[in-house]
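User: I would like to go through this model one point at a time. Please keep the reasoning short.

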Amino acid sequence: MKAIELFCGAGGMSLGAKYAGIETLLSIEHNRDAAATHRANDLSGITLQMDVRNYDFRQHKMVYENPDCLTKGIDLIYGGPNCTSFSCAKNGSKGEADEKNMIPEFIRACREARPWYFVMENVPALAGKRHREYFESVISDLAALGYHVSWGIRSAPDFGLATKRKRLFVIGSLLSEIRVQNESFSPLLARDVLDLDNRQTDQTVVYAKNPVVHKTLYGSLLVNGRGKPINLDSQVNTITATHANGRHIYDMDGVLANYHEHLLAGGKPRTGKVAGVRRITLEEAKTIQGFPSDFVWVGNERSQFRQVGNAVPPRMAESILRGVLVEWINA
């Protein structure tokens with residue numbers, strides 16, 4: 001199966017495609033470090049660092065000698081258009097009018113190249129109430145190209161991962177409808193992927209001036225930034241693309257657990273640095289996302305955190321793309 005990938009980032013979906021047995025001929029990514037990381041891991045025949053809006057996909061259009069014989073072209077287009085336009089995160093959700101919204105470019109690629117299949121990944125909020133009208137117009141536009149379109153929201157733990165990350169997958173086929181795969185593996189726990197022996201405290205952790213207190217510790221925002229305490233017996237909250245204060249927190253000595261009880265009992269918020277806690281490391285973030293230890297990364301720490309947080313977990317992508325491959329084999 002021959003594929004083209006758009007918005008490849010560091011290569012989470014590309015690695016998943018490789019695991020699934022799909023040959024990616026071309027990948028396109030605008031960010032320099034992410035494209036360099038992708039290229040360093042040999043995930044595609046060609047990795048182009050460029051604005052996808054400047055690429056002509058008509059050169060890949062299928063040409064037939066007869067209805068049963070494909071003489072050239074590609075079989076699959078996959079990728080995740082920029083999701084910040086629809087993210088639930090603060091300062092996000094600008095929607096379809098956002099100049100960073102690249103979904104129209106994904107649709108253009110499908111229109112110009114006409115692959116047998118496509119797989120588009122994005123944030124679940126795209127299919128939510130706020131953006132639902134636009135999402136339905138996207139489905140309609142893809143269907144108008146002749147594709148049978150289906151979609152589903154999947155959770156990373158279902159694919160054996162130690163993160164609560166959820167992603168939206170939209171699948172199209174020119175042949176027949178394909179259901180989005182929903183595999184069931186035993187998920188890893190946070191304690192399986194964190195370095196529990198690492199007790200090096202992160203002195204950037206300070207108590208939040210206005211803590212957000214929920215009934216459970218793990219849903220509360222008790223320190224500066226948006227990092228949350230990690231429940232070792234569950235999965236880690238979604239790894240984001242933010243560095244420093246956005247990283248989740250390993251509460252080594254139960255300091256935040258005790259503080260949470262203090263606040264629930266009506267205690268006053270504390271100030272200053274939080275002793276006995278640390279934020280997850282870059283290496284832990286990579287492991288949580290499911291990247292192998294020999295995966296090569298390019299860029300400084302901030303850039304790598306961004307690449308990791310933007311990536312689709314490879315095993316999650318593998319399962320979705322393998323489902324498309326099986327349909328293609330059996331067609």
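User: How many nonpolar, polar and charged residues are in the lining of the second largest pocket?

Analyst: The model is predicted. In it, the second largest pocket has a volume of about 240 Å³. Its lining consists of K164, R226, K228, N237, T238, T240, T242, G246 and H248. By class, that lining has three charged residues, six polar and no nonpolar.

User: Where in the chain is confidence lowest?

Analyst: The chain has a mean pLDDT of 90, with 92% of its residues at 70 or more. Helix 2 (residues 32–40) has the highest confidence, at 98. Where pLDDT is low, the predicted coordinates should not be read in detail. The lowest value, a mean of 46, belongs to strand 5 (residues 69–72).

User: Which strands stand at the edges of the sheet, and why is one side of each left without a neighbour?

Analyst: The open sheet has seven strands in the order 3-2-1-6-7-9-8, with mixed pairing. From one strand to the next, the twist averages 15°. Each edge strand has a single partner strand, so one of its sides has no neighbour in the sheet. The edge strands are strand 3 (46–49) and strand 8 (148–155).

User: Which residue of strand 6 does L6 stand opposite?

Analyst: Strand 1 (residues 2–6) and strand 6 (residues 76–79) run parallel and are joined by four bridges. In strand 6, the residue opposite L6 is G79.

User: What angle does the direction of helix 9 make with that of strand 7?

Analyst: Helix 9 (residues 314–330) packs on the sheet. It touches strand 6, strand 7 (117–122), strand 8 and strand 9 (166–173). The angle between the directions of helix 9 and strand 7 is about 165°.

Technical notes: Residues numbered from 1 in each chain as written. Predicted model: local features only at pLDDT ≥ 70, side-chain atom pairs only at ≥ 80, totals over all residues. Heavy atoms only, no water. pLDDT = per-residue confidence, 0-100. Helix = DSSP H or I, 4+ residues; strand = E, 2+ residues; numbered from the N terminus. 1 Å grid on protein atoms, 1.4 Å probe; cavity = no way out; pocket = protein on both sides within 12 Å on 5 of 7 lines; lining within 4 Å. Points joined across faces, edges and corners; volume = space filled by probe spheres on them. Nonpolar A, V, L, I, M, F, W, Y, C, P; charged D, E, K, R; others polar. Pairing = 2+ DSSP bridges. Axes fitted to C-alpha atoms, helices over the stretch in contact; angles between N-to-C directions. Contact = heavy atoms within 4.5 Å.
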